[in-house]
Amino acid sequence: MPRRPPGLSLVEVLVSFGVLTVAILGLLGCMPAAARVQKVSTMSSQALYQAEQKLDELLHQNQRLSGVALVDYPYSDASLRRRWWGESVDGHPNLQLVQVEVTWVEGVRSHQWVLRSYLAP
């Protein structure tokens, strides 16, 4: 029986390249989804930061807010909309519920963060 020379045969090399190609194509297919998730995560972090910043500002002012929502856009491109308002708390005349809402749109889907805290001016 003849001995086979050391090394890989052409068939083994072609099969390994085929497996490698399928694996690489599978990974490349995940890239757009990963980019979308990263963008939503970034906007969510920015929105939460803006909501926390506004809530801290309102709590440090220590003034009663009206029930009418005030609106601003913290970024010049209007990618985030921030609203805040106060509501009285039943049975507690000196207590006010302060709410800050930040909304943004990704594609056709709207997202929002709402932070609530109590204020006793």
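The exercises below work through the fold and selected residues of a predicted model.

**Exercise 1. Determine which elements the protein contains and in what sequence they run from the N terminus.**

Solution. Start with the inventory: the protein has one helix and four strands. Reading from the N terminus then gives α-β-β-β-β. The helix, H1, covers residues 10-61.

**Exercise 2. Work out the strand order of the sheet and name its edge strands.**

Solution. Step one is the order: the four strands form an open sheet, S1-S2-S3-S4, with antiparallel pairing. Step two is to look for strands that pair on one side only, and these are S1 (70-72) and S4 (109-119). Step three is the twist: on average, neighbouring strands are turned by 20° against each other, direction ignored.

**Exercise 3. State how many bridges join S1 to S2, S2 to S3, and S3 to S4, and give a residue pair for each.**

Solution. Take the pairs in order along the sheet.

- S1 and S2 (residues 81-89) run antiparallel and are joined by three bridges. Leu70 stands opposite Trp84 of S2.
- S2 and S3 are joined by nine bridges, again antiparallel. Here Glu87 has Leu97 in S3 as its bridge partner.
- S3 and S4 pair over eleven bridges in the antiparallel sense. Val105 has Ser110 in S4 as its bridge partner.

**Exercise 4. Find the residues with a positive phi in the two hairpins, and those with a positive phi that are not glycine.**

Solution. Begin with the hairpins. S2 and S3 have two residues between them, and Gly91 in that turn has a positive phi of about 85°. The hairpin of S3 and S4 also has two residues between its strands, with Gly107 at a positive phi near 70°.

Next come the residues that are not glycine. Asn62 has a positive phi of about 55° and lies in the loop between H1 and S1. Ala78 has a positive phi of about 60° and lies in the loop between S1 and S2.

Finally, classify the exposure of these two. The class runs from 20% to 50% relative accessible area, so Asn62 at 39% counts as partly exposed. Ala78, with 45%, is partly exposed for the same reason.

**Exercise 5. Describe how H1 packs on the sheet, and place Gln50 in that setting.**

Solution. First, the helix: H1 packs on the sheet and touches S2, S3 (92-106) and S4. The direction of H1 makes about 155° with that of S3.

Second, the residue: Gln50 belongs to H1. Its relative accessible area is 6%, which is under 20%, so Gln50 is buried.

Third, the surroundings: leaving aside neighbours within four places in sequence, Gln50 is in contact with Pro74, Tyr75, Leu80, Arg82 and Val102. With Arg82, the side chain of Gln50 makes a polar contact, side chain to side chain, at 3.0 Å.

**Exercise 6. Decide whether the overall dimensions fit a compact globule or depart from one.**

Solution. Compare the radius of gyration with the expected value. A compact globule of 121 residues would have a value near 14 Å, but the protein has 28 Å. The dimensions therefore depart from those of a compact globule. The C-alpha trace spans about 100 × 30 × 20 Å along its principal axes.

Then turn to burial and surface. Of the 121 residues, 24% are buried. The protein exposes about 8,900 Å², and carbon and sulfur atoms supply 61% of that area.

Last, consider the contacts with a separation of 6 or more: residues 24 or more positions apart account for 42% of them.

Definitions and conventions
Residues numbered from 1 in each chain as written. Predicted model: local features only at pLDDT ≥ 70, side-chain atom pairs only at ≥ 80, totals over all residues. Heavy atoms only, no water. Buried < 20%, exposed > 50% of the residue type's maximum accessible area, 1.4 Å probe, protein only. Polar contact = N/O pair within 3.5 Å; in protein donor to acceptor, adjacent residues only side chain to side chain. Contact = heavy atoms within 4.5 Å. Pairing = 2+ DSSP bridges. Axes fitted to C-alpha atoms, helices over the stretch in contact; angles between N-to-C directions. Rg over C-alpha atoms; globule rule 2.2 N^0.38 Å. Areas by Shrake-Rupley, 256 points an atom, 1.4 Å probe, with all protein chains shown as cover.
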